[in-house]
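Please open the structure in your viewer and keep the selection tool at hand. The tour below proceeds from one stop to the next, saying at each what to select and what is to be found there.

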Amino acid sequence: MREQFIYSDAPFGHLTSPTLTAAGAKHLFTTKDGGVSTGVYSSFNFAAGSGNPADPWENVVENHRIAATYLGFDTGEVCRSYQTHSSTVKTVGKAERGTGLTKPPFDCGVDGLVCCEEGVLLSVRGADCVTVLLYDGKNRVCGACHSGWRGTLDKIAAKTVDAMCAIGAKAEHIVAAIGPSARSCCYKVGEELYDNFTAADAQNSRFFRRCEDGLYLDLQGAVCAALGEAGLSHRHIADGGECSICRPDRYFSHRRSGVMRGTMAAFIAL
């Protein structure tokens, strides 16, 4: 369902989902404003980036500290991963606190995280890719995933639901929120993506829109469908509707700026 997320610029630019808030989740989606990074990474950037020069790591850590503190955590309680557009989901707990920030990252690419322990703040990142936060307030399980077109094709959102259920969640109790990301109004793709998606499932053609100037992909529609297949009710899937490409005033976008740009983050915890 489309949901109006709540925007606040205090103490930094961020959005929250009323659906997740009602379920009791500590969470937020960041915007580009409110951090300490400068230049093309200005200002609330959560990845060093592959541009030259990269954003100094101390800026990235400080931006994590700012967001974590607002949610009642410190930097050493954040768990983040090195994202590789995989469909790998990892179950984490207190032992993994600080991973990717104050401790070395996981030894493989991980694009989904789930947890059933308090005191752990999950974090995923995106700058056009879909970030999804998930929460089962009844059974006390949370999850987060990063879903670009590869992850969406591989249904990482559904795999995150499955991983949550493996540690005690029930699909019928899980609510999900889809963060700011590239949308079909702007996300122009090539025919090879259409071929990849329809080869996996002919019904995936419904997520593409043909226009005079090309082909556009509805990533969020595909993610919502995967969540539905995993057992979530449509009314439990909140889509904030914000396009990262459309809003240069609020969001970083790889499509718009290339590698010389910052990256947003999404956070969730019990």
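**Helix α2 and its surroundings**

Begin by selecting the buried residues of helix α2, which are Asn59, Val60, Asn63, His64, Ile66, Ala67 and Ala68. Please bear in mind throughout that the model is a predicted one. Now display the elements that cover these buried residues: they include β3 (26-30), β4 (78-79), β7 (121-126) and β15 (264-269).

Next, select the whole of α2, residues 57-70, and consider its length. How far apart are the end C-alpha atoms of the helix? They are 20 Å apart, and this agrees with the 20 Å that 14 residues should span at 1.5 Å a residue. After α2, move on to Gly72, where phi is positive, near 90°.

**Strand β3 and its partners**

Return to β3, one of the elements that cover the buried residues of α2. Of the 5 residues of this strand, 4 are buried, so β3 is largely enclosed by the rest of the structure.

Add strand β2 (residues 14-16) to the selection; β2 and β3 pair in the antiparallel sense, over 2 bridges. To see one place where they meet, select Leu15 together with its bridge partner in β3, Phe29.

Then select β15, which also runs antiparallel to β3 and is joined to it by 4 bridges. Here His27 stands opposite Ile268 of β15.

**Aromatic pairs**

Colour the aromatic residues next; the structure holds 7 aromatic pairs. Select Phe12 and Phe44, whose ring centres lie 4.8 Å apart with the planes at 55°, so this pair is tilted. The two residues belong to distant parts of the chain, 32 residues apart: Phe12 lies in the loop between β1 (6-8) and β2, and Phe44 in the loop between β3 and α2. Are Phe12 and Phe44 buried or exposed? Both are buried.

A second pair is formed by Phe197 and Phe208, with ring centres 5.6 Å apart and planes at 75°, so it counts as edge-to-face. This pair, too, links distant parts of the chain: Phe197 is in helix α5 (residues 191-200) and Phe208 in strand β12 (residues 208-211), 11 residues apart. Phe197 and Phe208 are both buried.

Before leaving the rings, select Phe12, Phe44, Phe46, Tyr70 and Phe267 together, since ring pairs link these residues into a cluster.

**Cysteines**

How many disulfides does the structure hold? There are 0. Select Cys116, which is in no disulfide; its nearest cysteine sulfur, that of Cys115, is 6.0 Å away. Cys116 has a relative accessible area of 38%, so it is partly exposed. Now select Cys224 and Cys145: the sulfur of Cys145 is the closest cysteine sulfur to that of Cys224, yet the distance is 11 Å, too far for a bond.

**Ser147 in strand β9**

For the last stop, select Ser147, which is found in strand β9 (residues 141-147). Its relative accessibility is 1%, so Ser147 counts as buried. Which residues does Ser147 touch, not counting those up to four places away in sequence? They are Cys129, Val130, Thr152, Ile156 and Val223. Finally, show the side chains of Ser147 and Thr152, which make a polar contact with each other at 2.7 Å.

Key
Residues numbered from 1 in each chain as written. Predicted model: local features only at pLDDT ≥ 70, side-chain atom pairs only at ≥ 80, totals over all residues. Heavy atoms only, no water. Buried < 20%, exposed > 50% of the residue type's maximum accessible area, 1.4 Å probe, protein only. Polar contact = N/O pair within 3.5 Å; in protein donor to acceptor, adjacent residues only side chain to side chain. Contact = heavy atoms within 4.5 Å. Expected span 1.5 Å × (residues − 1). Disulfide = S-S within 2.5 Å. Pairing = 2+ DSSP bridges. Phe/Tyr/Trp six-rings, centres within 6.5 Å; stacked < 30°, edge-to-face > 60°.
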